[in-house]
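Trainee: Could you take me through one part of this predicted model in detail, namely the charged side chains and the pairs they form? I would like to follow each pair with its surroundings before moving on to anything else.

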Amino acid sequence: MNFNELPFQHAIEFKQGNGSRQLAVFSDPECPYCQRLELELAKLDDVTIHVFPFPLTQLHPKAEQITRKIWCSPDRTSAWRDYLTQQLKPDNAGNCDTPVEANLQLGQALGVNGTPTLILSSGKLITGAASAEDIDPLLD
């Protein structure tokens, strides 16, 4: 898989520091491991994180609706992090066009079968929550 060919328009982008390093994450806003990972991702520096919302409704029935509300927020970046770290729900109906279906198909094609799944710029997939200390050296 070529990292640069990912459909980044379907992701929520976080640019931290100079944003020089790249990371993609498939994440479910209702997943406790994703919520823990979000706290760790916030600690990383000099990285652009592309979060592909990936609601696993069979495990988390409310995940798709929350994902839609986050995507339809005026500031998706803040809405995503606020929900995952503080459970602050976006105040909208969630009725805009979202990339949820496209992201689910993309994840299947890439072999993503759980959340969180991290994709390094090298194309390597890492499943499960990891600490900032563990992720940071992998970004170089």
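Mentor: What follows goes through the salt bridges one pair at a time and then turns to the largest pocket.

Because the model is predicted, everything below describes computed coordinates. The structure holds five salt bridges in total, and a useful place to begin is the pair formed by Arg21 and Asp140, whose side chains meet with a nitrogen-to-oxygen distance of 2.9 Å. This pair ties together distant parts of the chain, since Arg21 belongs to strand E2, which covers residues 21-27, while Asp140 sits in the segment after helix H5 (132-135), and the two are 119 residues apart. The two partners also sit in opposite accessibility classes: Arg21 counts as buried because its relative accessibility is 14%, under the 20% cut-off, whereas Asp140 has 71%, which is over 50%, and therefore counts as exposed. The pair does not stand alone, for Arg21, Asp136 and Asp140 are linked in a network of salt bridges.

A second pair is that of Glu40 and Lys43, whose side chains meet in a salt bridge at 3.0 Å from N to O. Here the acidic partner is the buried one, as Glu40 has a relative accessibility of 15%, and Lys43, with 55%, counts as exposed.

The pair of Arg68 and Glu64 has another setting: the closest N and O atoms of this salt bridge are 3.2 Å apart, and both residues lie in helix H2 (residues 63-71), where a spacing of four residues corresponds to about one turn of the helix. Neither partner falls in the buried or the exposed class, because Arg68 has a relative accessibility of 23% and Glu64 a relative accessible area of 29%, so that both count as partly exposed.

Glu64 also leads on to the largest pocket, as Glu64 is one of the residues that line it. About 170 Å³ of space lies in this pocket, and the lining includes the run Phe54, Pro55, Leu56, Thr57, Gln58 and Leu59, together with Leu104, Gln108, Val112, Asn113 and Gly114. By class, the lining is made up of six nonpolar, five polar and one charged residues, and the charged one is Glu64, because Glu counts as charged and no other residue of the lining is Asp, Glu, Lys or Arg. Glu64 therefore has two roles in this description, as the salt-bridge partner of Arg68 and as a part of the pocket lining.

Methods:
Residues are numbered from 1 along each chain as its sequence is written. This is a predicted model: local features need pLDDT of at least 70, side-chain atom pairs count only at pLDDT 80 or more; totals for chains, interfaces and linings use all residues. Side-chain values use heavy atoms; hydrogens and water are left out. On a 1 Å grid over the protein atoms alone, a cavity is a set of points where a 1.4 Å probe fits but cannot get out, and a pocket is an open set with protein on both sides within 12 Å along at least five of seven lines; lining residues have an atom within 4 Å of a point. Grid points are joined across faces, edges and corners, and a volume is the space filled by probe spheres set on the points. A salt bridge is a side-chain nitrogen of Lys or Arg within 4 Å of a carboxyl oxygen of Asp or Glu. Buried means under 20% relative accessible area, exposed over 50%, partly exposed in between (1.4 Å probe, protein chains only).
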